[in-house]
Amino acid sequence: MRKTMKKAIAAGVLSMAMIMSMAGCGSSGGDEVDTTRNVSEIQYTIGISQFAEHGSLDNCREGFLEGLKEEGIVEGENLTVEEGNANADMGTAAQIAQGFISHDVDLICAIATPAAQSAYNAAMEVTPAVPVIYTAVTNPVTAELANEDGTPAGEVTGTSDVLPVEAQLKMIREILPDAKTIGILYTTSEANSVYTIEEYEKLAGDYGFTIEKKGINTSADISLATEDLLGKVDCLTNLTDNTVVSSLATILDMANEKNIPVFGSEIEQVKIGCLAAEGLDYVNLGIQTGKMAAKVLKGEMEAVDMPFETLTDNSLYVNEAVAENLGITVPDTMKERAVETFTEISAE
């Protein structure tokens, strides 16, 4: 933390100078000098780079700031936050990261894999490196943010949102006992999506499914790719692919016209129209990330010494309104197990 360390050192020098000055002058009447008062409170500045705007990443940001707050680092008090949203564009993500570096921030929080990669690339260009704390990165190893043993590749660490693929497959089979083919839309340049699809392909056969995948490059490809995929599958399952999630409303409209259910990967996707999901709580993931960042900002640990962490708890979410619209019966046992059951479809 280049700037924070400078401020801390400056505060320490000023405190010592004042103490020595008062000691040299003495005091009359036996008054004691208070040498415990904080002369200057440390102020932190961080940059938050969010790759796209959608519910799960918004929840990560909310949780991240909450995690910092729980550790005494509060926006508007001792924390200044600069923000940038790349709108699912890699070039913009790189520009945001470079902007944070030029503004001499103490730390960058990068939300989603492409944002994390861009932030880390920019942070390595300066000495000392600006620490990067990421969240919602499915596989930090394949994203080249961590080594095979989980240790950081440099001054970069954070939290993984690796999806519970097997739990998702079990859930789909329980709701759709006769389904044979699951469709997945994904962005070919997103390392997190490529990794997750590989996991689906490894495990799908164990539950009697085949996987039909369709790669896209940009959001402009969504409509044609969805139309093609819907003609080949019994249902869709949605990843945390940022480009795809940003266009989820379009995908849901097209799937509903053909009466094909779409499964989500987290709570926000179920709220807006996915049938169900075995997924993560991204607010909790953000809180976990914020607490990691607080350790770095306070100088308790360096990012390079902190292996990435994974949120291991996943929960079942069900939207009964979607099930009714599609004529699908969700087993009572699943409704009882669900952490949240929604009875309406909310607007984004």
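In this predicted model, Glu268 and Lys271 are joined by a salt bridge in which the closest N and O atoms are 3.4 Å apart. Both residues belong to helix 10, which covers residues 267–271, and they stand 3 residues apart, about one turn of the helix. Side chains of opposite charge can pair when their charged atoms come close. The two partners do not fall in one class of accessibility: Glu268 has a relative accessible area of 18% and is therefore buried, since buried means under 20%, whereas Lys271, at 26% relative accessibility, counts as partly exposed.

This pair is one of the salt bridges in the model, and a search of the whole structure finds 13 of them. Another is formed by the side chains of Lys291 and Glu70, which meet with a distance of 2.8 Å from N to O. Here the partners come from separate helices, Lys291 from helix 11 (residues 282–297) and Glu70 from helix 2 (residues 55–70), so the salt bridge ties together parts of the chain that are 221 residues apart in sequence. Lys291 is partly exposed, with a relative accessible area of 28%, and Glu70, at 43%, also counts as partly exposed.

The residue that follows in the numbering, Glu71, forms a salt bridge with Lys298, and in this pair the closest N and O atoms are 3.7 Å apart. This pair again links distant parts of the chain, for Glu71 sits in the loop between helix 2 and strand 2 (79–85), while Lys298 sits in the loop between helix 11 and strand 11 (309–310), and the two are 227 residues apart. Glu71 counts as partly exposed at 29% relative accessibility, and Lys298 is likewise partly exposed, with a relative accessible area of 36%. Taken together, Glu70, Glu71, Lys291 and Lys298 are linked in a network of salt bridges.

With these pairs in mind, the reader can turn to the chain as a whole. It has 13 helices and 13 strands, and of its 348 residues, 52% count as buried. Among the contacts in the chain with a separation of 6 or more, residues 24 or more positions apart account for 74%.

Two buried residues show how contacts of this kind look from a single position. Thr187 has its place in strand 6, which covers residues 181–187, and with a relative accessible area of 2% Thr187 is buried. Although Thr187 and Gly215 are 28 residues apart along the chain, their C-alpha atoms are separated by 5.5 Å. When the neighbours within four places in sequence are left aside, the residues in contact with Thr187 are Ser193, Ile216, Asn217, Asp241, Thr243 and Val244.

Leu280 has its place in the loop between strand 10 (276–279) and helix 11, and at 2% relative accessibility Leu280 counts as buried. The C-alpha atoms of Leu280 and Glu266 are separated by 5.5 Å, while the two residues are 14 residues apart along the chain. Leaving aside neighbours within four places in sequence, Leu280 is in contact with several residues, including Asp161, Val162, Ser265, Leu311 and Tyr317.

Helices, too, can be followed where they meet. Helix 7 (residues 222–230) and helix 9 (residues 248–257) pack at an angle of about 35°, and their axes lie 10 Å apart. The crossing in which helix 7 passes helix 9 is right-handed. On the side of helix 7, the contact is made by Ile222, Ser223, Thr226, Glu227 and Leu230, and on the side of helix 9 by Thr250, Ile251, Met254 and Ala255. Sorted by class, the residues of this contact are 5 nonpolar, 3 polar and 1 charged.

The last point concerns the cysteines, for the structure holds 0 disulfides. Cys60 is in no disulfide, and the nearest cysteine sulfur, which belongs to Cys109, is 8.2 Å away; a disulfide would need the two sulfur atoms to be within 2.5 Å. At 0% relative accessibility, Cys60 counts as buried, and Cys274, at 0% as well, counts as buried too.

Definitions and conventions:
Residues numbered from 1 in each chain as written. Predicted model: local features only at pLDDT ≥ 70, side-chain atom pairs only at ≥ 80, totals over all residues. Heavy atoms only, no water. Axes fitted to C-alpha atoms, helices over the stretch in contact; angles between N-to-C directions. Helix = DSSP H or I, 4+ residues; strand = E, 2+ residues; numbered from the N terminus. Left-handed = near helix turned anticlockwise from the far one by under 90°. Contact = heavy atoms within 4.5 Å. Nonpolar A, V, L, I, M, F, W, Y, C, P; charged D, E, K, R; others polar. Buried < 20%, exposed > 50% of the residue type's maximum accessible area, 1.4 Å probe, protein only. Salt bridge = Lys/Arg side-chain N within 4 Å of Asp/Glu carboxyl O.
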